[in-house]
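Work through these exercises with the model open beside you. Try each task before reading its solution.

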Protein chains: 2
Amino acid sequence: MKKKKRNAFYAQSGGVTAVINASACGVIEAVRKNKKYFNKLYAGKNGILGALKQELIDTSYESKTDISNLKNTPGGIFGSCRYKLKDFNDDETDYKKLLDVFSAHDIGYFFYNGGGDSQDTSNKIAKFCQINNFDVQCIGIPKTVDNDLPLIDFCPGFGSVAKYTAISTLEAGLDVASMCATSTKVFILEVMGRHAGWIAASSALANESRKKPPHIILFPEILFDEKNFLNNVQSTISKHGFCVIVASEGVKNKKGKFLAESGLKDAFGHSQLGGVAPFLAELIKTKKGYKCHWAVADYLQRSARHIASQTDVEQAYALGAYAVDLAIKGENAVMASIKRVSENPYKWKLTKVPLSKVANVEKKLPSKFISSDGYHITNSCRKYLTPLIDGENFPKFNKGIPVYSEFKNKMVKKKKL
Amino acid sequence: MKKKKRNAFYAQSGGVTAVINASACGVIEAVRKNKKYFNKLYAGKNGILGALKQELIDTSYESKTDISNLKNTPGGIFGSCRYKLKDFNDDETDYKKLLDVFSAHDIGYFFYNGGGDSQDTSNKIAKFCQINNFDVQCIGIPKTVDNDLPLIDFCPGFGSVAKYTAISTLEAGLDVASMCATSTKVFILEVMGRHAGWIAASSALANESRKKPPHIILFPEILFDEKNFLNNVQSTISKHGFCVIVASEGVKNKKGKFLAESGLKDAFGHSQLGGVAPFLAELIKTKKGYKCHWAVADYLQRSARHIASQTDVEQAYALGAYAVDLAIKGENAVMASIKRVSENPYKWKLTKVPLSKVANVEKKLPSKFISSDGYHITNSCRKYLTPLIDGENFPKFNKGIPVYSEFKNKMVKKKKL
């Protein structure tokens, strides 16, 4: 028996990326192509909050052109959120609200686009619906610059950060190489990665040889040894004249404390989260006397759509469209995923994994990917990472500035619940 | 009487840029095209130090392809330096060394590529040569991301930083707009500009309306008023939900002290140069309670060749080639420069200005370019800046990474002086 047409809900969650909107584009275009299965596609304003507060955006008002250009637009077009659902065994309040909104708006499909926490949210909602015999199919769409989701080759968003990080390291490396004779000897780039060193690792794609930048990579997976690190900086400068360091924000000292939190106090004696890069710069300057420059990329790295990876954009888009396919096929409580089929040439295929196997699992950089001295990547890591940054996917430009989509984001009239 | 063929010297000085090598490319290609005027083109290893230490690079060993791709390569291919010549009335030592090296290697042309200090160096050498009847023509080639040289429409290097800054502000602005409902409310981007606010000003090209990022720009030309600033942040958040701030590194408080130097102390009580961005983030967090994210672009901004401005690349190249023309025409003690001919469409022409009028003059952001509240730019500033970021000039890519030139940099055999 053919299922009756129902509405779908899509929302973006957690830290946004350069390509999360490419997934949104994939979802919207696939739903529009499959009108026999779907009525409207509603987007949640600010992630799951849009459902909880009944703040639904009617995507049917957006033009084909704007939707197509969403593929090229960074940020989260519908707004994102950081909101963790409680366990429904402890508190059902939110879940009941969700089901009320889904019922009121005849929502039969729930697409949630995010990282580990968001897959956990989808998994919880799927379970709650199953237990309560409530007919909503929940499909997760992966996204995280941290690349820390399990059971997927790469997480959409990571590839573009990786490309940005590798290129920034290459370019800043050429700069400091020019300056080191009479000025800056050390350059430190701080990148994201609170618990997993994937982004820091990707800086190694800047150059094939360790003799070139980045000379030193600091991973959250490796405890920081001050003496050993300073010796490494010194010997790098002796050999090459300068030293480029890429540090994960999450680097910890031997006491397990974030470097970014250690030492600095403001004028009132409050401890100051100054970032790893300025901490390392001060350390090197004080202990070794070298002139340092440092950069903290922060949001620039994850929003840098202008230098997005073609592979990343393609995968992000494909995952969005595939999530809709999975819904049409009747799948539930699964995440759209990517499996590597071959390495050289890089080939991948779409696949699905159970949400229960993804939720709350964090994929760190495995030890086989970290060089034996702890300061660089291995060849197997390089092989794994290289295909991901391949290809460019430049946005259109007007007067020197990328043309990014702006949406009407017309709200659906609230219903009495 | 036709002048006899002699060798030429070219060197790069001061902080390097995304396009200083485009000027180098212009010089080298023009010299190669004019073999009847020039023998060899030597490059100084690390700027003027290459001449002082007789460390000369013979550019004739570089392939046509590598030289052509220099136009796309950031950093300073021959190395740069920070070295200020003393006044020759106080100390002639360096000048005598230079003339010895020029004589020994039959150098009749001195091309120096740099900012204000470097034009001062060229000017001093030109004067010293004139006084001593020493036949070397000195031609300055402008370069500085700070855009603070007088008598030139734009300084090569600035346009690409401006483009990088505007795009980064646009992209990070979209990111924080997505996050602000439940997380980050304020994003601060720190950019270069110790004394002049040109780079900070260029962030305004991200959007045409002040209602969109950047909402607040902090210039070194305007003293920082904490209370007024915090009120501005708060009202921006009330109106728009979030606030994007772009701050020059050189912002000073009412006592004339750099914000970057105020307040922070390390664990040993040493005052800490933590950057303006983390200082502002801490201030906003402490006084207003908003969650802040901050980025410090540092070398990333001036080396970002991947997103260079086409106009900037063209001007940098043209100035290099034109400096050679000026030398052929017998000019001395001048700087190759650019004059704006028309605004819309933007047209420019090459011109020359006396080095004496350029040396030691710093062009700050004029008050007519700063909005009356001191936190944004005026329309006339926007008109001035817009053409400069126009056009893209992407490098070639291989495996996802730009292909940048590497030189042999073969040294000339030293001669006994």
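Three exercises follow, each with a worked solution.

This is a predicted model: local features need pLDDT of at least 70, side-chain atom pairs count only at pLDDT 80 or more, and totals for chains, interfaces and linings use all residues. Residues are numbered from 1 along each chain as its sequence is written, with chains lettered from A and ligands numbered from 1 in the order in which they are written.

**Exercise 1. Find the operation that superposes chain B on chain A.**

Solution. Superpose by least squares on the C-alpha atoms of residues with pLDDT of at least 70 in both copies. A rotation of 180° with 0.0 Å of shift along its axis does it, at RMSD 0.0 Å. That is the relation of a two-fold axis. Next, check the interface: 100% of the interface residues of chain B are also interface residues in chain A, so the copies meet through the same surface.

**Exercise 2. Trace the order of the 7-strand open sheet in chain A.**

Solution. Strands are DSSP runs of E, at least two residues; helices are runs of H or I, at least four. Two strands pair if DSSP finds at least two bridges between them. The order is β3-β2-β1-β4-β5-β10-β11, with mixed pairing. β3 (56–58) and β11 (347–354) of chain A are the edge strands, each pairing on one side only.

**Exercise 3. Decide whether helix α6 (residues 158–179) of chain A is enclosed or open.**

Solution. Count a residue as buried if 20 or more other C-beta atoms, placed from the backbone, lie within 10 Å of its own. In α6(A), 22 of the 22 residues are buried, so this helix is largely enclosed by the rest of the structure.

Conventions: Contact = placed C-beta atoms within 7 Å. Buried ≥ 20, exposed ≤ 12 C-beta atoms within 10 Å, placed from the backbone.
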